Amino acid sequence: LYPVVEAMDHPERFAPADAVDAARSMAQQRWQERWKLVEANLASRQSVLASGFSAADIYVAALSRWDMEPSWREEHLPRIEAIATAVKARPALGPVFERHFPNG
């Protein structure tokens, strides 16, 4: 997932000046496709790993807030949204998550 962020944020590094908008659009599409792959491979639970809560949950919760409309996440990534909700509900993480991602 993470390498796609550079292409979304700096498409000029990957395309000529007349194709920057198309490169950004393609990167955003790839971002969503990869998130759907992650979503499809999560079990119906509120953690990334079957063993329960881990640093992977924090990573997925934070990364899933980048460059996606909340309505798109809610529609296409319900398991990931459940993980983010569970992370935000943890007393030690909720305030941090709220500070960095006040809009969800």
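## Arg24 and its partner in H2

Let's start with Arg24, which has a relative accessibility of 29% and so counts as partly exposed. In this predicted model, the side chain of Arg24 meets that of Asp21 in a salt bridge, with 3.9 Å from N to O. Asp21 is exposed, at a relative accessible area of 61%. Both residues belong to helix H2, and because they are three residues apart there, about one helical turn separates them.

A search of the whole structure finds four salt bridges, and the pair in H2 is one to keep in mind when we come to the buried charges below.

## The chain as a whole

Stepping back, the chain has six helices and zero strands, so its elements, read from the N terminus, run α-α-α-α-α-α. Taken along the principal axes, the C-alpha atoms fill a box of roughly 45 × 30 × 25 Å.

The chain has 104 residues, and 33% of them count as buried. About 6400 Å² is exposed by the chain, with carbon and sulfur atoms supplying 54% of that area. As for contacts between residues at least 6 apart in sequence, 61% join residues at least 24 apart.

## Helix H5 and what covers it

Helix H5 covers residues 78-89, which makes 12 residues. From its first C-alpha to its last, H5 reaches 16 Å, close to the 16 Å expected at 1.5 Å a residue. Its buried residues are Ile80, Glu81, Ile83, Ala84 and Val87. Seen down the axis of H5, these buried residues fall within an arc of 155 degrees, so they line one face of the helix.

Which helices help to cover that buried set? The cover includes helix H2 (20-40), helix H3 (55-63), helix H4 (70-76) and helix H6 (94-100).

## A buried network of charges

Glu81 deserves a closer look, as a charged member of the buried set of H5. Glu81 forms a salt bridge with Arg65, where the closest N and O atoms are 2.4 Å apart. This pair links distant parts of the chain: Glu81 sits in helix H5 and Arg65 in the loop between H3 and H4, 16 residues apart. Both Glu81 and Arg65 are buried.

Glu81 also has a salt bridge with Arg73, and here the closest N and O atoms are 3.1 Å apart. Arg73 is buried, as is Glu81. Taken together, Arg65, Arg73 and Glu81 are linked in a network of salt bridges.

## Trp35 inside, Ala55 outside

Is Trp35 buried or exposed? Trp35 has 0% relative accessibility, so it counts as buried. This residue is found in helix H2. Leaving aside residues up to four places away in sequence, Trp35 touches Leu1, Val60, Leu63, Ser64, Met68, Leu77 and Ile80. Of these partners, Ile80 is one of the buried residues of H5. Leu1 is 34 residues from Trp35 in sequence, while their C-alpha atoms are 7.5 Å apart in space.

Ala55 offers another view of the chain. Ala55 is found in helix H3 and is exposed, with a relative accessible area of 59%. Its C-alpha atom is separated by 11 Å from that of Leu93, a residue 38 places away along the chain.

## The loop between H3 and H4

The loop that holds Arg65 also holds Trp66 and Asp67. Trp66 counts as partly exposed, at 30% relative accessibility. Together with Tyr2 and Tyr59, Trp66 makes a nonpolar surface patch of about 330 Å².

What is notable about the phi of Asp67? The phi of Asp67 is near 50 degrees, a positive value in a residue other than glycine. For context, most residues other than glycine have a negative phi. Asp67 is partly exposed, with a relative accessible area of 46%.

Technical notes
Residues numbered from 1 in each chain as written. Predicted model: local features only at pLDDT ≥ 70, side-chain atom pairs only at ≥ 80, totals over all residues. Heavy atoms only, no water. Helix = DSSP H or I, 4+ residues; strand = E, 2+ residues; numbered from the N terminus. Expected span 1.5 Å × (residues − 1). Buried < 20%, exposed > 50% of the residue type's maximum accessible area, 1.4 Å probe, protein only. Arc of directions from axis to C-beta. Contact = heavy atoms within 4.5 Å. Patch = residues over 30% accessible without salt bridge, like charges linked within 9 Å, V, L, I, M, F, W, Y side chains within 5 Å. Areas by Shrake-Rupley, 256 points an atom, 1.4 Å probe, with all protein chains shown as cover.
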